[in-house]
Amino acid sequence: MSATSTVLGDAKVGVFVHLGYGLGRSSWSDRLAGGATADPSPYGYDIGSGWFDMKWSVDPSERALAKRFRRILARTLGFDLMHAWRNRAGILGADVIWTHTEVEHLAAAAILALHRRSAPILIAQSVWLWDDWPRLSSPRRALFARLLRRAEIELTHSRCNAEYSRSAVSGRSVEVIPFGTSRPAASDSTTAPDTNLVVAAGNDRHRDWATLADVARRLPQLNFIVYSRAQAARETCWPSNVSLNSDASAQEIANSYSRAVAVVLPLRPNMHASGCTVALEAQSLGTPVVFADVGGLGDYVDDAICESVPAGDVEAFAQAILRVAGLDRSVARASLTHHYEHSGLTQRDYAMRYVRLTEALVAGRPVPCTVGALKIVD
């Protein structure tokens, strides 16, 4: 579908994309030029430029002391107020604000509250907030609840997050927006399948590396590669058939996904669909996923090919890996790539959900059902 500009009065609607420090336009361009990413913009949000006047948060250069102070303040508050303050002109001058995590939307809401004037439409999106909520102090919960109510709508990638959010802070609009990723660019020269290779990747705190180490011990005939920079991964006592890589390129990881007999996601209980990016990337390359069934992650996988297991169940994990290893590779690849391409889980699908939601909010219409439906959004 071709883009049609969305207007407010006589002007094109202005959208300000407020992302975390390091994801601003110039910073992202540097990453793109250096080969750290193949995506033209973070999360594909630049697709919105066909409909809106898009502006992006900027990342001013920081001296060491300023950087340290910003990070300490962000840890203390639970959101990056200094980064939002530096971008206040964009926040206050927009018709609509897009955010990607609570670190940004709570800060944007604080800026709007401080200025006490007619506010832009704030689209909040939360990732880790609701996993952390039970451990927050009462004053911090009260502050966050007040800031959450400044948003027109809150989005989550997981139905578990959405359900908890509605009960924790009532009286708000909360919707699930399925995440989507681009297909990694695996090198054609390395895509021959390796029937002994199993891959795990991720830096999220909910990765259960101890369980994976036990799974690998039960499957000494297989070779495991773990791609992670997380301290927990580095501190895990891995058996000899596991290699840990903390400095791999995106290209190297994609090549391993494509070659592997399975990509595995050992997870601790969570509410934010931890691992959904890895699951989508693996499926886009035709590789089955074996995952701990927590956090609503099952909504992102082809359940005809992929296998879910109870969190922490070493034997179930090992047996599931062996089952997917025995699948017909061509049949599995065809099913998985079809699921990825036709279930609304591409990066374009994800960005288009934001476009359609923004159009509805600006026009005062109800949120369209396509925002949360697992199908292609156009």
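This passage describes the aromatic pairs, one helix packing and some backbone features of a predicted model.

Aromatic side chains are considered at the outset, and for these the count comes to 13 aromatic pairs. One of the pairs is formed by Trp-130 and Tyr-164, whose ring centres are 6.1 Å apart and whose planes meet at 50°, so that the pair is classed as tilted. This label follows because planes under 30 degrees apart would count as stacked and planes over 60 as edge-to-face, with the rest called tilted. The two residues come from distant parts of the chain, since Trp-130 belongs to helix H6 (residues 129–132) and Tyr-164 to helix H8 (residues 159–168), with their positions 34 residues apart in the numbering. As for their surroundings, Trp-130 is buried, with a relative accessible area of 0%, whereas Tyr-164 is partly exposed, with a relative accessible area of 25%.

A further pair is made by Trp-209 and Trp-238, where the ring centres are again 6.1 Å apart, but here the planes stand at 70°, so the arrangement is edge-to-face. This pair, too, links distant parts of the chain, for Trp-209 is in helix H9 (residues 209–218) and Trp-238 is in the loop between helix H10 (231–235) and strand S11 (242–245), 29 residues apart. Both of these tryptophans, Trp-209 and Trp-238, are buried.

Aromatic residues also gather in a group, as Tyr-43, Tyr-45, Phe-52, Trp-98, Phe-179, Tyr-350 and Tyr-354 form one aromatic cluster. A contact of another kind involves a charged side chain, in that Arg-70 lies over the face of Tyr-21, at 4.1 Å from the ring centre.

Tyr-43, a member of the aromatic cluster, also has a notable backbone angle, namely a positive phi of about 60°, although the residue is not a glycine. Tyr-43 is located in the loop between helix H1 (25–33) and strand S4 (53–56), and with a relative accessible area of 24% it is partly exposed. Ala-273 is likewise a residue other than glycine with a positive phi, in this case near 55°. The position of Ala-273 is in the loop between strand S12 (262–265) and H12, and because its relative accessibility is 1%, Ala-273 counts as buried.

Helix H12 itself is mostly covered, with seven of its nine residues buried, and these are Cys-276, Val-278, Ala-279, Leu-280, Ala-282, Gln-283 and Ser-284. The buried residues of H12 pack against several elements, which are strand S9 (197–201), helix H11 (250–259), S12, strand S13 (289–292) and H14. Just after H12, the backbone at Gly-286 takes a positive phi of about 85°.

The packing of H12 with H14 can be described in further detail. Helix H12 (residues 276–284) and helix H14 (residues 329–342) pack at an angle of about 125°, with their axes 7 Å apart, and the two helices are therefore oblique to each other. On the side of H12 the contact is made by Leu-280, Gln-283 and Ser-284, and on the side of H14 by Leu-336, Thr-337, His-339 and Tyr-340. When these residues are sorted by class, the contact of H12 with H14 contains three nonpolar and four polar residues, and no charged residues. Leu-280, Gln-283 and Ser-284, which take part in this contact, are among the buried residues of H12.

Terms used: Residues are numbered from 1 along each chain as its sequence is written. This is a predicted model: local features need pLDDT of at least 70, side-chain atom pairs count only at pLDDT 80 or more; totals for chains, interfaces and linings use all residues. Side-chain values use heavy atoms; hydrogens and water are left out. Rings of Phe, Tyr and Trp (its six-membered ring) pair if their centres lie within 6.5 Å; planes under 30 degrees apart count as stacked, over 60 as edge-to-face and the rest as tilted. Helices (H or I, at least four residues) and strands (E, at least two) are DSSP runs, numbered from the N terminus. Buried means under 20% relative accessible area, exposed over 50%, partly exposed in between (1.4 Å probe, protein chains only). A charge sits over a ring if NZ of Lys or CZ of Arg is within 6 Å of the ring centre and within 35 degrees of the ring normal. Axes are lines fitted to C-alpha atoms, for helices over the stretch in contact, and angles run from 0 to 180 degrees between N-to-C directions. Angles under 35 degrees count as roughly parallel, over 145 as roughly antiparallel, 65 to 115 as roughly perpendicular and the rest as oblique. Contact means heavy atoms within 4.5 Å. Ala, Val, Leu, Ile, Met, Phe, Trp, Tyr, Cys and Pro count as nonpolar, Asp, Glu, Lys and Arg as charged, and the others, Gly among them, as polar.
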